[in-house]
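Here are a few exercises to work through with the model open in your viewer. Try each one yourself before reading the solution.

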Amino acid sequence: MPGSVALTFDDGPDPTWTPRVLDVLERAGARATFFVVAPLAERHPLLLRRAVEEGHEVSLHCTRHRRHDKMTAAEVFADAQEGKQTLRDLGHEAADWRAPWGVVAGATKDAADALGLRLVGWTADSEDWRGDGAGEMLACLAPGICPGGIVLMHDGVGPGALRDGCGGTVELLAPLISLCRSRGLEPVPLGELEGPLPDRNPRPVAGV
Ligand SMILES: [Zn+2]
C-alpha cells in the first residue's frame, strides 16, 4: 500500500504490556506486526488471537533469546524451526523473522531460506528498552519516519533491557501514529508494506 510505514514490536507477548499496546492501536485504528517469543506465545495465546482479530500480524522473534553469532548453525536453525512450529500449532503462520538483537549471522540467512521465513530488520529504532521518555523517543524516531520505514519497539521486557516495563512504549504510540499520518503514512502490517524490506539493521541493538 502506498504511503505506508510498519510499526513492529519484539519480545512479547506480555500479559501486562501487549494488551495496552493493542488498546492504543485499536483506538487509533492502526495495525502493526508482533515478533513474538515462542514460549511466551504458548503461555499467552489469547493475546495473539486478539492481535490477529484486530488486523495485526504475528511473526517469529525466537524460541530462546540468544545472539546468532554466538550459536552454531544447527542451533540457529533448530531455534527458528521450533519457534515457527510453535506458532503454527497456535494457528499463526509466521511469514517474517526478526533475529534477537537484530544480529543476522550467515546461519540466520540459511535458516530463513530453509524455513521460508523473510528476515526483517528495521529503519528506525525507538531504543525503548533503555527506558527513555516518550517525547525523547519520538524526537529520535522522527527523522526515520518515511515511506517504507520500519519502526522497532518492544511490548515485552527482554534480556538486557534497562527498564522494568513498557509504559514508555505505550505512551509513545499515539503521538508516533499521529506523526506518521501527518506525513501521509499509514501504519500497516509488514505484509502490506511497500518496497523491499531491510534484512539487516542500521546497527544491532545493545539491549533487547
Ligand atoms: Zn528481542
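Angles under 35 degrees count as roughly parallel, over 145 as roughly antiparallel, 65 to 115 as roughly perpendicular, and the rest as oblique. Keep that handy, and bear in mind that this is a predicted model.

**Exercise 1. Work out how α6 and α7 are oriented to each other, and list the residues that make the contact.**

Solution. Start with the axes: those of α6 and helix α7 (residues 167-182) come within 9 Å, crossing at roughly 40 degrees. Now apply the classes: α6 and α7 are therefore oblique to each other. As for the hand, their crossing is right-handed. On the α6 side, the contact is made by Ala134, Met137, Leu138 and Leu141. From α7 come Gly168, Thr169, Glu171, Leu172, Pro175, Leu176 and Leu179.

**Exercise 2. Do the same job for α1 and α7.**

Solution. Helix α1 covers residues 17-28, and its axis comes within 9 Å of that of α7, with a crossing of roughly 20 degrees. Angles under 35 degrees count as roughly parallel, so α1 and α7 are roughly parallel to each other. The crossing of this pair is right-handed. Where do the two helices meet? In α1, look for Trp17, Arg20, Val21, Val24, Leu25 and Ala28; in α7, their partners are Gly167, Val170, Leu173, Ala174, Ile177 and Arg181.

**Exercise 3. Place Asp128 in the fold, decide whether it is buried or exposed, and find its side-chain polar contacts.**

Solution. First, location: Asp128 sits in the loop between β6 (124-125) and α6 (134-141). Next, burial: its relative accessible area is 0% and buried means under 20%, so Asp128 is buried. Then the polar partners: the Asp128 side chain has a polar contact of 2.6 Å with the side chain of His154, and another of 2.8 Å with that of Thr169. Finally, leaving out residues up to four places away in sequence, Asp128 touches Met137, Met153, His154, Arg163 and Thr169.

**Exercise 4. Identify the protein donors of the zinc ion, then say which parts of the chain Asp11 and His61 tie together.**

Solution. The donors are Asp11 through OD, plus His61 and His65 through NE2, lying 2.1 Å from the zinc ion. Their spacing in sequence reads D-x49-H-x3-H. Asp11 belongs to strand β1 (residues 4-12) and His61 to strand β3 (residues 57-62), so this pair ties together parts that are 50 residues apart in sequence. One last check on accessibility: Asp11 and His61 are both buried.

Methods
Residues numbered from 1 in each chain as written. Predicted model: local features only at pLDDT ≥ 70, side-chain atom pairs only at ≥ 80, totals over all residues. Heavy atoms only, no water. Helix = DSSP H or I, 4+ residues; strand = E, 2+ residues; numbered from the N terminus. Buried < 20%, exposed > 50% of the residue type's maximum accessible area, 1.4 Å probe, protein only. Polar contact = N/O pair within 3.5 Å; in protein donor to acceptor, adjacent residues only side chain to side chain. Contact = heavy atoms within 4.5 Å. Donors = N, O, S within 2.8 Å, 3.2 Å for Na, K, Ca; no water. Axes fitted to C-alpha atoms, helices over the stretch in contact; angles between N-to-C directions. Left-handed = near helix turned anticlockwise from the far one by under 90°.
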